[in-house]
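Thanks for passing this one along. Here are some notes to read with the viewer open.

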Amino acid sequence: MPWKRYRKPGGNHRMTKLKIELMVNRKKRKIEITPSTRLIDLLRDDLQLTGTKEGCGKGECGACTVIMNGELVASCLVLAPQADGAVITTIEGLGSSDHLDPIQEAFIESGAVQCGFCTPGMILAARRLLEENPHPDEEEIKRGISGNLCRCTGYQKIIEAIKLSIARLSKSDSGKAK
Amino acid sequence: MEASFGDLKKGQKNCQRTVPCQYFAPQKIEEALEILSKYGKEIKIIAGGTDLLVQYYDRLYEVSAWLDLKNIEELKEIKIDQNQIEIGAMSTHTQLESSADIKRYYPILSQAASDIGSPQIRNRGTIGGNIVNASPAGDLLPALIAYRAQFKLVSHKEESIVSAEDFFLGPKKTILKFEQLLSKIIIPIPEQNTYSSWIKIGKRKALMVATVSLALVLSMAEDNKIIQEVKVCLGSVASTPFEIMEIREKMIGRQFKQLDFNELGQLVEDRISPIDDIRGTKGYRQEVTKNIMINALEKIQETWGQSQND
């Protein structure tokens, strides 16, 4: 395999920087990064969007979930240059503090938030699921959030919150889900 | 600034970044091959990154240049004709799972893709990455061998086609050379009366690396009574995914009622060489392999039985 054992960097401190451009929460951002920067670090450190959380850093917990080009991705497993030209939605891109997204409201009302660490990822997974399938059954909901771990709620309240969101969104017309 | 833990982590990453690192994202295969021939061992090809970046951030290796295939549209196409399907190596598991052609002709490949990781992983992970990563537990691999897939390998000098069973040499080891790129996966269209079954055993439904997996593809002769061809392929029970060849002589040319499922299950159990690891013990794997072989045969017999009644 074409990789080398990790070696301590020697005297060479030259860093190759790349310029990338991406849309984050409907805003165009131009950023200089090193090629091995992860998308999650770009979002949290460079753009200060700390709603995206790092749990495992291996794509297993889903806390770092964001929507990239309309697809759910684990931002710890995307290199920042791979996101060049991409359209990204993080939890900050949903609703605002005085006007929450219906899914966020449903999570609060159902008591689906305990420690809150999984919540941003969970809400984005729910959002993506409902965009694709506005009326999922319980199995489909479970599959939709299967990449997101929650260690507090036992998932029941989260599933209830998503069911409540389904009702809310279908009442307020599908326009809002977009 | 955040707490010191965050800074410490950031510091580590920075120290890793001080090694000069280059990044290429060409639009054409030819350009990618050119870069590959120039940098050779120094460059790491990245597709979805769902395996690679986990290993990278565990610091298993240092990367001085990345070759990202994301802009090469040609590698994302799935094309079908009367004889075969060609799946671009950059097709994601989500694409495999949702492709109508794959569902129709290669149902267990579609199922295996839908059993991988989580939505987040399936959206990024690719069939080519799954193959080249060459994990003994790679989810698509038993199905690919069972469907007699072939891999097209290209380099700046030449192209070659190898069959799936000759590609894997050991855990994470393949015949792929540094200057070569896996460009597509070619699978012949199965015969009319083909039945298949995929069973993956693990500890949970999502984000689970298989403890044992089995792909069985069986085709009947024209009369739909006599078994004409069969392939039983297993994952996670040897150093590579592989086919149990001995099954063929026990099944080909016979009818279902002549088969002893227990004996066939035992035969499979005797031919595997599993190890103890965090996902399961050797003994557990042997027992389970036998049982899932029997289950797969029963499932296929049932589907076949229904087609007889129609």
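The points below go through chain A, then chain B.

1. A word on the source before anything else: this is a predicted model. Please read every value below as computed from that model.

2. Let me start with how chain A is divided. The domain assignment splits chain A into domain 1, covering 18–93, and domain 2, covering 102–177. Taken over C-alpha atoms, the centres of these two domains of chain A are 21 Å apart.

3. The two domains of chain A also touch: 13 residues of domain 1 are in contact with 11 residues of domain 2. On the domain 1 side, strand S3 of chain A (residues 65–68) gives the most, with three residues. By class, that side of domain 1 of chain A has seven nonpolar residues, five polar ones and one charged residue.

4. A:Arg38 deserves a look in the viewer. You will find A:Arg38 in the loop between strand S2 (27–33) and helix H1 (39–46) of chain A. Is A:Arg38 buried or exposed? A:Arg38 has 27 other C-beta atoms within 10 Å, and the cut-off for a buried residue is 20 or more, so A:Arg38 counts as buried.

5. What does A:Arg38 touch, leaving aside residues up to four places away in sequence? The list is A:Ser75, A:Cys76, A:Val78, A:Leu79 and A:Ala80. For A:Val78, the C-alpha to C-alpha distance from A:Arg38 is 5.8 Å, although 40 residues separate the pair in sequence.

6. Turning to chain B, the assignment gives domain 1 (17–68), domain 2 (73–188) and domain 3 (194–309). The centres of domain 1 and domain 3 of chain B lie 37 Å apart, again over C-alpha atoms. Chain B holds 13 helices and 14 strands.

7. For the overall dimensions, the C-alpha atoms of chain B fill a box of roughly 70 × 45 × 30 Å along the principal axes. The radius of gyration of chain B is 21 Å, which agrees with the value near 19 Å for a compact globule of 310 residues. Of the 310 residues in chain B, 46% are buried. Among contacts in chain B with a separation of 6 or more, 64% are between residues 24 or more positions apart.

8. An open sheet in chain B is worth tracing. Its three strands have the order S1-S3-S2, with parallel pairing. Strand S1 (22–24) and strand S2 (43–46) of chain B are the edge strands, each pairing on one side only. From one strand to the next, the twist averages 20°.

9. Some detail on that sheet: S2(B) and strand S3 of chain B (residues 65–68) pair in the parallel sense over four bridges. One bridge to look for sets B:Ile43 with B:Ala65 in S3(B). Helix H2 of chain B (residues 29–39) lies across S1, S2 and S3 of chain B, and runs at about 160° to S3(B).

10. Finally, please check the hairpin that joins S6(B) to S7(B) through four residues. Strand S6 (residues 150–154) of chain B pairs with S7(B) in the antiparallel sense over five bridges, and B:Leu153 stands opposite B:Ser160 in S7(B). How many of the five residues of strand S7 (residues 159–163) of chain B are buried? The number is zero, so S7(B) lies largely in the open.

How values were computed. Residues are numbered from 1 along each chain as its sequence is written. Chains are lettered from A and ligands numbered from 1 in the order in which they are written. This is a predicted model: local features need pLDDT of at least 70, side-chain atom pairs count only at pLDDT 80 or more; totals for chains, interfaces and linings use all residues. Domain bounds come from an automatic or database domain assignment. Two residues are in contact if their C-beta atoms, placed from the backbone, lie within 7 Å. Helices (H or I, at least four residues) and strands (E, at least two) are DSSP runs, numbered from the N terminus. Ala, Val, Leu, Ile, Met, Phe, Trp, Tyr, Cys and Pro count as nonpolar, Asp, Glu, Lys and Arg as charged, and the others, Gly among them, as polar. The radius of gyration is taken over C-alpha atoms; the globule rule is 2.2 Å times the number of residues to the power 0.38. A residue is buried if 20 or more other C-beta atoms lie within 10 Å of its own, exposed if 12 or fewer, and partly exposed in between; C-beta atoms are placed from the backbone. Two strands pair if DSSP finds at least two bridges between them. Axes are lines fitted to C-alpha atoms, for helices over the stretch in contact, and angles run from 0 to 180 degrees between N-to-C directions.
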